[in-house]
Amino acid sequence: MSFLNKINEWLLTRKKNCTTEEQRLFLYQLSVNMDHTSYISRSFCQYKCQFLIYNLSVLNIIFFVSYPIWLILPIIFIFYKKRYKTSSNLKSNYQDIVCLPSKAFIPHSVSQKNEYLFLLPSQLKPNFTWTDLVFCYSLIKSHPLSPYFFSKCIYQVYRYSGISKINASSIYVSTEYSFTSSILTLYLKKNKNLVINCMHGEKVFTIRDAFCTYDKCIIWDDFYSQLLNQLKWQCQFEVSSCKAIEIPLNNNKNGNIIFFLQGIESEKDLETIKEKLFILKLRYKCHNILLKPHPRYPTLNLAKVFPSASITEENFTDLVAAASIISSNFSTVLFQAYIAKKNNNSHFPLIAVNDLIELPEMYIMRNKADILFSKVIK
């Protein structure tokens, strides 16, 4: 069923130009009229939010045309031969099941425990039963005219049907990007599991992540509880770090100044970045100006503005360790450096945010940065 995963990747390229004001108004309208106690209603509202910010119209037409396929999807799953054998030994040995994109995202509050089972999302093996089939048809019944909504929810139930039958006290997931998040929580709770979501990337205000429901959510900073409450999340919050956001620092006062690119910078943006970096280089007596391109999204016209010697492919952790100033628009690297400085009581590297472009609302480093480009003047 990689078909649905490919759809998710395609959706990321179909984003509408939806303002924050429009998102807030839509969020308010949904919140007033919805049943906040219903997990299915919360998932469907998240689906509506994603419908607002992504171009889903063509996708819905495709799913309507192929409606009979999605209607019998649970029956297909019940006869699919790939099963997850849950042995009694497995049931008794693991209190926690951790299903995250990488071990680096396992919260310290979990990794310090003696026994837990770690599974990559790709390692999930289904064990879809007749009880699961009945549950899935209840989802279809709730929103029969939204085949994309219920088919993706059914597929999520299918994926987690194996680990749902292991006798674990808690299941750790990272599903807030998907509108199936609340449905998955409902499904796992029916099997008496505590469902805990783990933060695994930068969070800003976007209603793509609205209305998520969990028993608990582990976040990297108290700030994110304010953000997620505005997005109408329903859960308890716990702050815990993880290896993914912890990087080494040398507290280097006279190192390099580095800008982490994101591939969104125009030639005009690059000229402004160059001007601000040069001022900071002189002011703080930095050694070199370096630019680190995004690994997936190349910045056009970069070579027109900066000499090739300034462009580096060095590992980002080594770059940060050797820097006296690190800068970006809204890269997670800045938050990682902030956490590292906080944990090690370090003054360097200074963190500079390019606030001359339109930053996402409620970006944590806007207020926690040492330097804002808008304040850097000759």
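What is the mean pLDDT of the protein, and what share of its residues reach 70 or more? The mean is 87, and 92% of the residues reach that level. This is a predicted model, so colour it by pLDDT before anything else.

**Stop 1: the low-confidence stretch**

Select residues 84-90. Here the pLDDT is below 50. Beyond near neighbours in sequence, the stretch still has 15 contacts in the model. Where pLDDT is low, predicted coordinates should not be read in detail. Hide the stretch if it distracts.

**Stop 2: a nonpolar surface patch**

Select L71, I72, I75, I76, F79 and W130, and show a surface. These residues form a nonpolar patch. Together they offer about 600 Å² of accessible area.

Now keep W130 alone. It lies in helix α9, which spans residues 130-142. Is W130 buried or exposed? It counts as exposed, because its relative accessibility is 56% and the cut-off for exposed is over 50%.

**Stop 3: the loop after α9**

Move on to S146. This serine sits in the loop between α9 and α10. Its relative accessibility is 12%, so it counts as buried. Which residues does S146 touch, leaving aside those up to four places away in sequence? The answer is F44 and Y47.

**Stop 4: helix α11**

Select residues 181-190, which make up helix α11. The helix is mostly covered, with eight of its ten residues buried. Show these as sticks: S181, S182, I183, L184, T185, L186, Y187 and L188.

What do the buried residues of α11 pack against? Add the partners one by one. The helices are α3 (39-53), α9 and α10 (147-160). The strands are β3 (170-173), β4 (194-198) and β5 (213-219).

Then follow the chain past the helix to K192. Its phi is positive, near 65 degrees.

**Stop 5: C217 in strand β5**

Stay with β5 and pick C217, which is found in this strand. C217 is buried, with a relative accessible area of 2%. Draw a C-alpha to C-alpha distance to V173. The two residues are 44 apart in sequence and 9.4 Å apart in space.

Next, show what surrounds C217. Not counting residues up to four places away in sequence, it touches N197, L228, W233, C235, Q236, F237 and E238.

**Stop 6: a salt-bridge network**

Side chains of opposite charge can pair when their charged atoms come close. The count of salt bridges here comes to eight. Select E176, K203, R208 and D209, which are linked in a network of such bridges.

Start with E176 and K203. Their closest N and O atoms are 3.0 Å apart. This pair links distant parts of the chain, 27 residues apart. E176 is in the loop between β3 and α11, and K203 is in the loop between β4 and β5.

K203 also forms a salt bridge with D209, with closest N and O atoms 3.1 Å apart. D209 in turn forms one with R208, at 2.9 Å.

How covered are these four? Check each in turn:

- E176 is buried, with a relative accessible area of 1%.
- K203 is buried, at 3%.
- D209 counts as buried, at 0% relative accessibility.
- R208 is buried too, at 19%; the cut-off for buried is under 20%.

**Stop 7: the five-stranded sheet**

Switch to a cartoon view. In what order do the five strands of the open sheet stand? The order is β8-β7-β9-β10-β11, and the pairing is parallel. Strands of a sheet pair through backbone hydrogen bonds, either parallel or antiparallel.

Select the edges: β8 (289-292) and β11 (371-372). Each has a single partner strand, so one side of each is left without a neighbour in the sheet.

Finish at the β7 and β8 pair. Strand β7 covers residues 256-260, and four bridges join it to β8. The two strands run parallel. Show F259 and look across to β8: L291 stands opposite.

How values were computed: Residues numbered from 1 in each chain as written. Predicted model: local features only at pLDDT ≥ 70, side-chain atom pairs only at ≥ 80, totals over all residues. Heavy atoms only, no water. Patch = residues over 30% accessible without salt bridge, like charges linked within 9 Å, V, L, I, M, F, W, Y side chains within 5 Å. Areas by Shrake-Rupley, 256 points an atom, 1.4 Å probe, with all protein chains shown as cover. Salt bridge = Lys/Arg side-chain N within 4 Å of Asp/Glu carboxyl O. Buried < 20%, exposed > 50% of the residue type's maximum accessible area, 1.4 Å probe, protein only. pLDDT = per-residue confidence, 0-100. Contact = heavy atoms within 4.5 Å. Pairing = 2+ DSSP bridges.
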